[in-house]
Amino acid sequence: MNAQTVNRRAALRTTGLLTAGLLLGATPAAAVTRRPTPAGAWAELRRGNRRWVSGKVVHPHQDRARRDEVAEKQEPYATVVSCIDSRVAPELVFDAGLGDLLTVRSAAQTIDPLVSGAIEYGPAQLDVPLIVVLGHQRCGAVSAAAHALNEGRELPGRLQDIVEALRPAYEHADGDVEKMTKLNTIGVVTELKADRLLVRRITTGRLKIVGAYYSLDTGLVTRLV
Ligand SMILES: [Zn+2]
């Protein structure tokens with residue numbers, strides 16, 4: 001064996017070790033830093049929702065290892081704007097876990113300046129590629145607002161603010177509460193699409209905003225807009 005062969009073998013061994021090291025080092029980092037496209041993020045949510053519908057949930061990212069992985073840094077792939085309703089928890093209906101979703105919740109997913117600021121945070125500060133506004137079947141807040149508006153009476157305290165936020169949807173829903181929920185969801189999407197901070201990201205393809213509807217009966221999320 002001449003010196004050249006030895007050197008080449010040593011070089012190959014070093015390259016192999018380096019490659020192995022890079023791969024080992026890259027695997028966990030890639031799991032955290034892999035940023036999906038807006039369409040990829042929506043596909044991920046749809047896959048999770050299909051597992052939820054079929055009862056074959058895998059509860060991803062809900063263990064000690066994931067807690068450690070995201071302790072210093074979060075890179076969620078979507079912001080879900082949903083109702084406060086106890087039956088529409090985003091991490092459950094999309095079978096997601098720790099560090100996967102930013103969740104912004106308000107009665108009937110209505111928005112005001114503070115809520116809009118919370119929604120802007122994900123795309124603007126964390127480069128989140130997808131916002132999903134999620135209305136749901138038999139929404140108590142929408143029903144209560146519809147009743148109040150039907151009867152022409154004001155609800156007490158700040159509840160009337162929720163009624164006022166839902167008034168435009170009520171006026172176009174012909175008394176149909178489910179239609180009112182869907183119109184309100186689409187209205188929130190339209191408002192967010194006009195948000196000055198978000199619109200730049202939408203036009204450059206870095207952000208998508210989707211409106212969707214959740215069925216309490218089946219668990220299925222269907223896209224509205
Ligand atoms: Zn609700």
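In this predicted model, the chain averages a pLDDT of 90, and 85% of the residues score at least 70. Residues 1-32 call for some caution, since their pLDDT is below 50. Beyond near neighbours in sequence, this stretch has six contacts in the model. Where pLDDT is low, the predicted coordinates should not be read in detail.

A good place to begin exploring is the zinc ion. Its protein donors are the SG atoms of Cys 83 and Cys 139 together with NE2 of His 136, lying 2.0 to 2.3 Å from the metal. Along the chain, these donors follow the spacing C-x52-H-x2-C. Cys 83 sits in the loop between β1 (78-82) and α4 (90-93), while His 136 belongs to strand β3 (residues 130-136), so that distant parts of the chain, 53 residues apart, are linked by this pair. Cys 83 counts as buried at 3% relative accessibility, and His 136 is buried too, with a relative accessible area of 0%.

Next come the salt bridges, of which the model has 13. One of them joins Asp 100 to Arg 66, with the closest N and O atoms 3.1 Å apart. Because Asp 100 lies in the loop between α4 and β2 (101-105) and Arg 66 in helix α3 (residues 64-69), the pair ties together parts that are 34 residues apart in sequence. Both residues, Asp 100 and Arg 66, are buried.

Another salt bridge connects Asp 85 with Arg 87 at 2.8 Å, N to O. Here Asp 85 is buried, at 13% relative accessibility, whereas Arg 87 is partly exposed, at 43%. Arg 158 and Asp 161 also meet in a salt bridge, at 2.7 Å; Arg 158 is exposed, with a relative accessible area of 69%, and Asp 161 is partly exposed, at 41%. Finally, Arg 66, Glu 69 and Asp 100 are joined into one network by salt bridges that share partners.

Terms used: Residues are numbered from 1 along each chain as its sequence is written. This is a predicted model: local features need pLDDT of at least 70, side-chain atom pairs count only at pLDDT 80 or more; totals for chains, interfaces and linings use all residues. Side-chain values use heavy atoms; hydrogens and water are left out. Donors are N, O and S atoms within 2.8 Å of the metal (3.2 Å for Na, K and Ca); water is not among the atoms, so sites may look incomplete. Helices (H or I, at least four residues) and strands (E, at least two) are DSSP runs, numbered from the N terminus. Buried means under 20% relative accessible area, exposed over 50%, partly exposed in between (1.4 Å probe, protein chains only). pLDDT is the predictor's confidence in each residue, from 0 to 100. Contact means heavy atoms within 4.5 Å. A salt bridge is a side-chain nitrogen of Lys or Arg within 4 Å of a carboxyl oxygen of Asp or Glu.
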